[in-house]
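The following report describes one protein chain together with its ligand, moving from the cysteines to the nonpolar cores, the ligand site and a few single residues.

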Amino acid sequence: MSEGRIDLVLPSDADPLVVQDRPAAPAPPPLDVILSGKELTAVRALGAVDLDGLLRIAPRRYVVPGPLARIADITAGEEISAVVTVRDVRDRPMRARRGSLLLVTVEDSSGPLTLTFFLARGHLVEYHRRFLRPGVRILVSGTAGEHRGEPQIVHPDYVVLDDGPTIDEAMRPVPVYPLRGKTTQKTMRAAFATALEHADVLTPVVPETVLRSQGLPPLAEALRLLHAPREEADAQRGLAHLRFEEAFVLQAIFAQRRAADDLTPAPALTAAGPLQIRLRERLPFTLTAGQEQVTEQIAERIARDRPTSVLLEGDVGSGKTVLALLAMLRAVDSGHQAALLAPTEVLAEQHHRTITELLGELGRAGRLDGVPEATSVRLLTGSQRTADRRRTLLDVVSGEAGLVIGTHALLTEGVEFSSLGLVVIDEQHRFGVDHRRALRRRGADGSSPHVIVMTATPIPRSAALAIVGDLDVLTLTEMPARRAGTESFLVPERLPAWEDRMWRRVAEEVRTGRQAFVVCPRIIDGEAADGAGQGAGGAGGEGAGGQTEGADPPRGVEQTLERLAADPRLAGLRLGMLHGRMSTEDKQEAMRAMSGGELDVLVATTVIEVGVDVPNASAMVICDAERFGISQLHQLRGRVGRGEHPGIVFLATTAPPESEAAEHLRAIAATRDGFELARLDLERRGVGDLVGTRQSGLHATLRHLDMLADTDVVDAARQQAARVVEHDPDLDAHPGLARAVADRLRDADPDVERT
Ligand code: ADP
Ligand code: MG
């Protein structure tokens with residue numbers, strides 16, 4: 001331990017609470033200087049580029065020698081270790097297969113023991129014979145067995161003790177590292193052992209005082225505990241440091257963002273009318289108590305003169321759109337503009353239709369059929385004609401347009417607003433919350449708009465703090481009573497009677513005046529999923545069950561449409577299709593025809609997943625349901641049963657009934673509660689998938705922190721990070737932390753995090 005390492009430098013002219021961390025140490029040596037070529041290849045295959053990164057890779061597990069025993073006391077089946085002397089070594093070719101049998105007789109004062117090795121190649125015999133010479137003392141460990149009444153261990157681990165380690169050292173846990181490529185465990189261990197010798201020159205990330213408050217070992221010690229533990233508990237203590245460090249860096253980022261927000265002006269959206277009052281009078285329903293409560297909570301937050309960030313959680317169909325609209329009208333009533341961003345153009349267009357309809361005369365400013373206090377709504381999408389788009393952009397920059405609806409691209413395209421007061425981001429089931437940072441200082445005079453992110457996927461509090469630590473979470477728990485609800489069924493397609501019943505049921509629904517969706521995982525058979533513009537990424541992947549597809553009907557949208565058009569059970573039905581590769585006009589036309597009741601059945605990809613609202617649709621068939629993620633299935637089935645007609649959803653699958661995939665689909669079919677499903681999803685796939693990969697670089701490289709399980713760690717890190725950042729917002733006194741923060745932000749989506 002070098003002396004300087006525990007020194008704390010207290011700058012006399014600074015806030016005494018700002019304890020200067022040890023100044024950055026001399027740069028750690030590059031890996032290619034300290035490691036051999038073979039070792040370097042091994043650690044690079046693990047993704048390590050420098051000493052900092054390498055030593056933060058934890059062993060996958062440890063080999064812990066069993067307790068020391070006397071040979072005479074060994075019981076078959078036990079994990080044991082014994083200190084023994086080699087007596088005799090023999091080898092002979094194996095009878096039944098190629099290779100050699102190596103038999104080593106060892107003993108201690110209580111009796112003999114045979115060590116048996118089955119060795120495929122000759123050089124392995126030589127290898128063991130080199131160490132296991134008669135008279136040599138070894139520590140042997142493994143699972144005790146028996147052969148013809150004599151104690152035996154097959155393929156034991158052993159360490160030669162003569163001139164080597166003490167028994168104590170030999171009994172220590174041995175790390176087992178992840179391996180990629182042709183690397184051996186021996187090479188990897190050697191690489192880590194060498195790297196560990198330089199642990200003291202690494203710059204600590206978590207300040208010494210914080211570590212002490214948490215009872216955590218300093219960085220270098222933690223790394224030694226992790227890679228060279230004396231006992232199993234050591235490794236846990238080492239890991240605890242790294243876990244806290246990850247949580248701490250994230251929370252420092254959030255704390256910095258909150259601090260920055262506190263210094264940024266935002267328009268105080270305080271007006272309570274007139275548009276908000278007029279809209280409430282016009283609504284065809286009354287808000288539920290839950291909606292009223294959330295409306296009030298939002299109003300209170302956006303009335304502040306510092307930008308607020310709210311995460312609004314509410315299950316599919318819980319009625320978030322109208323709350324968004326009320327908040328947006330509050331912005332307009334207060335003399336500012338509001339933007340609503342949707343994940344796809346289809347959804348942006350639908351929001352535009354819904355909102356225009358809800359507003360009626362309130363949205364027709366400057367027109368004869370408008371009212372004097374009316375505002376105007378503009379849709380801005382990438383596929384608009386240039387002239388339309390230019391006119392819309394002009395209305396946005398002049399302030400003519402009170403409400404602007406578009407896709408998430410609005411953020412990155414640098415659209416200028418006259419006075420942007422509020423941005424609502426409809427994320428559906430993703431948490432790409434980072435990109436809202438791009439909105440900062442987009443308001444008038446360098447002010448920042450308030451931000452509301454809406455999501456249908458709730459997350460537990462601990463995960464919320466870890467993922468979206470700078471957001472205020474509001475939850476809509478109640479569903480509007482009007483929804484008739486949806487029942488879901490698993491349909492094993494291999495059973496013709498079930499499949500037949502399913503299509504007949506779809507036809508029945510249409511005959512009673514309803515409409516149906518058929519969802520396919522791909523556009524054209526044999527292609528990848530239709531991910532275009534949805535950031536969904538949930539399709540595919542999920543244990544497709546490994547069956548052969550030869551006998552199954554084609555699954556692409558186009559083939560399915562053809563097949564259904566020729567199906568006598570659906571004779572006379574009007575079919576249409578919708579997928580991401582159609583032209584914008586064709587897509588719009590298909591959606592319009594479906595909404596207008598000109599189509600009976602729409603065959604589509606997950607393009608319809610997000611928020612498509614056709615209240616008359618009551619049936620849905622999801623083909624190859626096992627290919628979709630939980631949240632995605634829940635979103636999809638939320639498309640039916642939205643009006644007064646109960647919905648029926650068929651999860652069609654070719655997965656065998658006893659398979660895990662089918663089991664899983666049955667669980668989804670049995671659960672209506674989106675919050676319950678979100679929990680299931682989290683448990684199954686972890687938070688990583690929830691936060692997505694595209695927009696969530698901030699969390700993409702978390703190695704040790706489990707955002708669901710490590711609640712206490714996240715809470716403690718949050719408090720400590722807040723204190724550090726409060727006293728030293730730019731982290732000048734904490735070079736290690738400042739660098740870790742910068743690294744994490746750089747690893748995150750560069751477009752998003754630049755601000
Ligand atoms: P989501 O939260 O999934 O975005 P929407 O906002 O699309 O849900 O609402 C689903 C449907 O419920 C819409 O047709 C909407 O008009 C309707 N709705 C919203 N609030 C109520 C309410 N309080 N009573 C009845 N229907 C409502
Ligand atoms: Mg919605």
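## Cysteines 520 and 623

The sulfur of cysteine 623 lies 4.4 Å from the closest cysteine sulfur, which belongs to cysteine 520, and this is too far for a bond, since a disulfide is defined here as a pair of cysteine sulfur atoms within 2.5 Å. A disulfide is a covalent bond between the sulfur atoms of two cysteines. A search of the whole structure finds 0 disulfides, and cysteine 520 is accordingly in none, with the sulfur of cysteine 623 as its nearest cysteine sulfur. Cysteine 520 counts as buried at 0% relative accessibility, and cysteine 623 counts as buried at 2%; buried means under 20% relative accessible area, exposed over 50%, and partly exposed in between, with a 1.4 Å probe and protein chains only.

## Basis of the model and overall make-up

This is a predicted model, in which local features need pLDDT of at least 70 and side-chain atom pairs count only at pLDDT 80 or more, while totals for chains, interfaces and linings use all residues. Residues are numbered from 1 along each chain as its sequence is written, chains are lettered from A and ligands numbered from 1 in the order in which they are written, and side-chain values use heavy atoms, with hydrogens and water left out.

The chain has 26 helices and 21 strands, where helices (H or I, at least four residues) and strands (E, at least two) are DSSP runs numbered from the N terminus. Of its 755 residues, 53% count as buried. Its accessible surface comes to about 33,200 Å², of which 51% belongs to carbon and sulfur atoms; accessible areas come from the Shrake-Rupley method with a 1.4 Å probe, and for residues only the protein chains shown count as cover. Among contacts in the chain with a separation of 6 or more, 75% join residues 24 or more positions apart, contact meaning heavy atoms within 4.5 Å.

## Nonpolar cores

A nonpolar core is a set of buried Ala, Val, Leu, Ile, Met, Phe, Trp, Tyr and Cys residues joined through side-chain atoms within 4.5 Å. In the largest one, which has 41 residues, Leu403 and Leu422 touch the most other members, and helix 12 (residues 320-333) gives the most to this core, with 10 residues. A second, separate core of 32 residues includes Ala590, Met591, Ile608 and Ile668. Not counting residues up to four places away in sequence, the residues that leucine 422 touches include Leu269, Ile302, Ala327, Met328 and Ala331. In soluble globular proteins, nonpolar side chains tend to be buried together.

## The ligand site

Which residues come nearest to ligand 1? Of the 16 residues around ligand 1, they are Thr286, Gln291, Gly317, Lys320 and Thr321, a residue being near a molecule if one of its heavy atoms lies within 4 Å of it. The table gives polar contacts of ligand 1 with three residues.

| Ligand 1 atom | Protein partner | Distance |
|---|---|---|
| Nitrogen | Threonine 286, polar backbone atom | 2.9 Å |
| Nitrogen | Glutamine 291, side-chain N or O atom | 2.8 Å |
| Oxygen | Lysine 320, side-chain N or O atom | 2.8 Å |

A polar contact is a pair of N or O atoms within 3.5 Å; within protein, one must be able to donate a hydrogen and the other to accept it, and residues adjacent in sequence count only if both atoms are side-chain atoms. The protein covers 86% of the 570 Å² of accessible area that ligand 1 has on its own.

## Single residues

Most residues other than glycine have a negative phi. Arginine 148, however, has a positive phi near 50°; arginine 148 lies in the loop between strand 5 (137-147) and strand 6 (150-154) and counts as exposed at 77% relative accessibility. Leucine 731 likewise has a positive phi, of about 60°, but this residue, placed in the loop between helix 24 (711-727) and helix 25 (735-747), is buried, with a relative accessible area of 2%.

Glutamate 499, found in helix 17 (residues 496-511), is buried, with a relative accessible area of 14%. Leaving aside neighbours within four places in sequence, glutamate 499 is in contact with Val491, Glu493, Arg563 and Arg569.

Alanine 604 lies in strand 19 (residues 601-604) and is buried, with a relative accessible area of 0%. With neighbours within four places in sequence left aside, alanine 604 is in contact with Val518, Val519, Cys520, Val557 and Leu578, which brings the account back to one of the two cysteines described above.
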